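Okay, everyone, thanks for coming. Let me put the structure up on the screen, and then we can walk through a few spots together.

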Amino acid sequence: MKALLLTLSIFLFAMTASARQPALTYHVGWGTPNAHYFHIRLEVTGHDAPHVDFRIPEWRPGRYILQNYAKDVVGFAAEDGEGRPLPFEKIDKNTWRVERGDAAKVVATYRSYARQLDAGASYLDAREAYLNPITALMNVRGRMTEPVAVVLHHPEDWRVATALDYDAALGAYVAADYHELVDSPILMSPDFKLLTFEEGGATFEIAIQGTLPVNDAALIEDHRRIVAAQMAMMRDVPFRRYLFMYHLLPYRFGHGVEHKNSTSIVLGPSEAFTRPDDPAATPGRYNALLGVASHEFFHAWHVERIRPAPLLPTDYAQPQYTTQMWIFEGITDYYADVFLLRAGLMSEEGFLDEMAATIRRFDLEPGRKVTSIAMTSFDSWAKQGQAPPHTFYSFYTAGKVMGMLLDLEVRARTGGTRSLDDVIRYLNETYAKQGRGVPEDGFRQALEHVTGTSFQAFFDAHIYGTEDVDYDRYLAHAGLRLERRTDPARPAAWLGVRTDADGRITDVWPGSGAFEAGLDLDDVLLAVEGNDVSAGALDDLLRPFQPGDAVTVTVRRWGEEQTFRVRLDARLPDAYAIVPVAAPAPGQAALRAAWLGR
């Protein structure tokens, strides 16, 4: 009788598991780790069409350029559920078409090369397996909204960290659809550290691969402060579990990628990330870790749930164009520091210094006079890292500056009763929670809804146009102003070029005397007024001169020496600072206190 009951229990369990088994199941493993290949098997059932199209994505959310993941696919093959080969052909760069015939199950197998360790790639060696699914796991055309399962085949003593839920009955990690799957990186390793804490009714995990020289309790508390500040602002907790995943490297590096219920952050060198209260701390590096964590965590709302309408639904096979990335990346970067300030992890002085440095990067960027902020977002697919000199720039930097200006303007227009916080919450309620994307003019409309005033002129001038910004106009709302400072120890005059360690010109400033005189990229700077540049610093050679003076510059071009008469320019400001006005009015002081959280 016991045997019969046991047999019946196994039978019923098998029926339940079978009923719950998704029609798309991935198996991920590997052979020799130093070959750096994931071995992938995708089993597909319930397919009615005569052929099955297996596709690898062309790009990943969070990086809006084409990435060509197809280059890493090797050895594609197809078979039916009995192991019999099925015919297939590759119909474009990233699509393999399998002829199904009468097969009830179609199985695709292939290898994916994984030897790039950054937050958006995949990596495999004998120490760890880091799988960013979007780089390696194919989808099936027409079936991206179906539930999927992933069976991980790893050494017995290895553990797994991922935001995906584990289904013990299936022995697999499960996702509601392909979109959730590829938005959930997976770390497999025998030795990562896992810390946990609770906040706002959600569970938070911190997985650390490598060595982070920070006390566990302090690290947990700092992350708890960040998430508490953000959830307090959003008045919303859209997840029950969230994972911070860290890789610590032995060399200098910094990269983070957002996901709906997790973030992946890669930093180095590990020894630099001591906490500021540690006597051996390297200034700024631990704060950089917290800044990345704050930025990526805010994306759990602002891009993962509050999304540009042109990105819905996500099509991983081709670009999806939007002018809004300055909002979703740049304003997120602004809020990353705002939340550190509110969490008590950044001082008021540090916050203003960071904003001043960001304004300087944007203000001195020649490309802002050529390309509008809106077009830096739209053209990122074509121009990131490939645009002609001084014509393109970072929408992160531009959006961070615009976020500050708009926050101050909203506060001023509403007498301090509203802020940019209200605008973000409005987007969350109006679009994210209604399952809608933000239209191209949705952010401007949200600003206008919150303030009851028009922002069209601001957008025409600074988002769709390239007009200079009067920073003092906005900073004055908080009783502040912008100072541009030059180092008196450096010469007042500037040659208008940048060079590498060998004197090769790497940049010629547009409109400078050097540009007008004809100096060019890859010229090798030899002498100024007959004085050998290699014998002393260029600053020392320029110290006797003033802006407007002309000097003779000798360069080597294509193996020949040439001379040019170059008019010197005034040195660009070495630093910007945000400082108080002399006598702030009570309203200015109150707005500043509210803005800076005092």
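P313 sits in the loop between α5 and α6, and the peptide bond that leads into P313 from L312 is cis, with omega near -15°. A quick word on what you're looking at: this is a predicted model, where local features need pLDDT of at least 70 and side-chain atom pairs count only at pLDDT 80 or more, while totals for chains, interfaces and linings use all residues. Residues are numbered from 1 along each chain as its sequence is written, and side-chain values use heavy atoms, with hydrogens and water left out. When I say helix or strand, I mean DSSP runs numbered from the N terminus: H or I of at least four residues for helices, E of at least two for strands.

There's another cis peptide bond to show you, going from G268 to P269, with omega near -5°. P269 is in the loop between β20 (262-268) and α5 (285-298).

Back to the loop between α5 and α6, where we also find V303. What is odd about the phi of V303? It's near 140°, which is a positive value in a residue other than glycine. V303 has 2% relative accessibility, so it counts as buried; buried here is under 20% relative accessible area, exposed is over 50%, and partly exposed is in between, using a 1.4 Å probe and protein chains only.

H302 is in that loop between α5 and α6 too, and it's buried, with a relative accessible area of 0%. So what does H302 touch, leaving aside its neighbours within four places in sequence? The contacts are I327, F328, I331, T332 and I424, where contact means heavy atoms within 4.5 Å. Have a look at R425 as well: R425 and H302 are 123 residues apart along the chain, yet their C-alpha atoms are separated by 9.8 Å.

For another positive phi outside glycine, go to H390, where the value is near 65°. H390 lies in the loop between α9 (380-383) and α10 (395-413), and at 17% relative accessibility it's buried.

Now on to α6 itself. How many of its 18 residues are buried? It's 16, so the helix is mostly covered. The length works out nicely: at 1.5 Å a residue, α6 should span 26 Å, and its end C-alpha atoms are 25 Å apart, which agrees. The expected span is 1.5 Å times one less than the number of residues in the helix. After α6 comes G344, with a positive phi near 75°.

What does α6 pack against? Helix α4 (residues 216-234) and helix α6 (residues 325-342) have axes that come within 9 Å and cross at roughly 110°. Those axes are lines fitted to C-alpha atoms, over the stretch in contact for helices, and the angles run from 0 to 180 degrees between N-to-C directions. The two helices are therefore roughly perpendicular to each other; the bands are under 35 degrees for roughly parallel, over 145 for roughly antiparallel, 65 to 115 for roughly perpendicular, and oblique for the rest. On the α4 side the contact uses I226, A229, Q230 and M233, and on the α6 side Y335, F339, L340 and R342.

Last topic: salt bridges, meaning a side-chain nitrogen of Lys or Arg within 4 Å of a carboxyl oxygen of Asp or Glu. Searching the whole structure turns up 48 of them. Take E79 and R41, whose closest N and O atoms are 3.5 Å apart. E79 is in strand β4 (residues 73-80) and R41 in strand β2 (residues 37-45), so this pair links distant parts of the chain, 38 residues apart. Both ends are partly exposed, E79 at 22% and R41 at 27%.

Next, K93 pairs with E58, with closest N and O atoms 3.2 Å apart. Buried or exposed, what is E58? It's buried, at 9% relative accessibility, whereas K93 is partly exposed at 43%.

And finally R240 meets D165 in a salt bridge at 2.5 Å, N to O. R240 is exposed, with a relative accessible area of 53%, and D165 is partly exposed at 30%. Elsewhere, salt bridges that share partners tie D363, R368, K369, D468 and R484 into one network.
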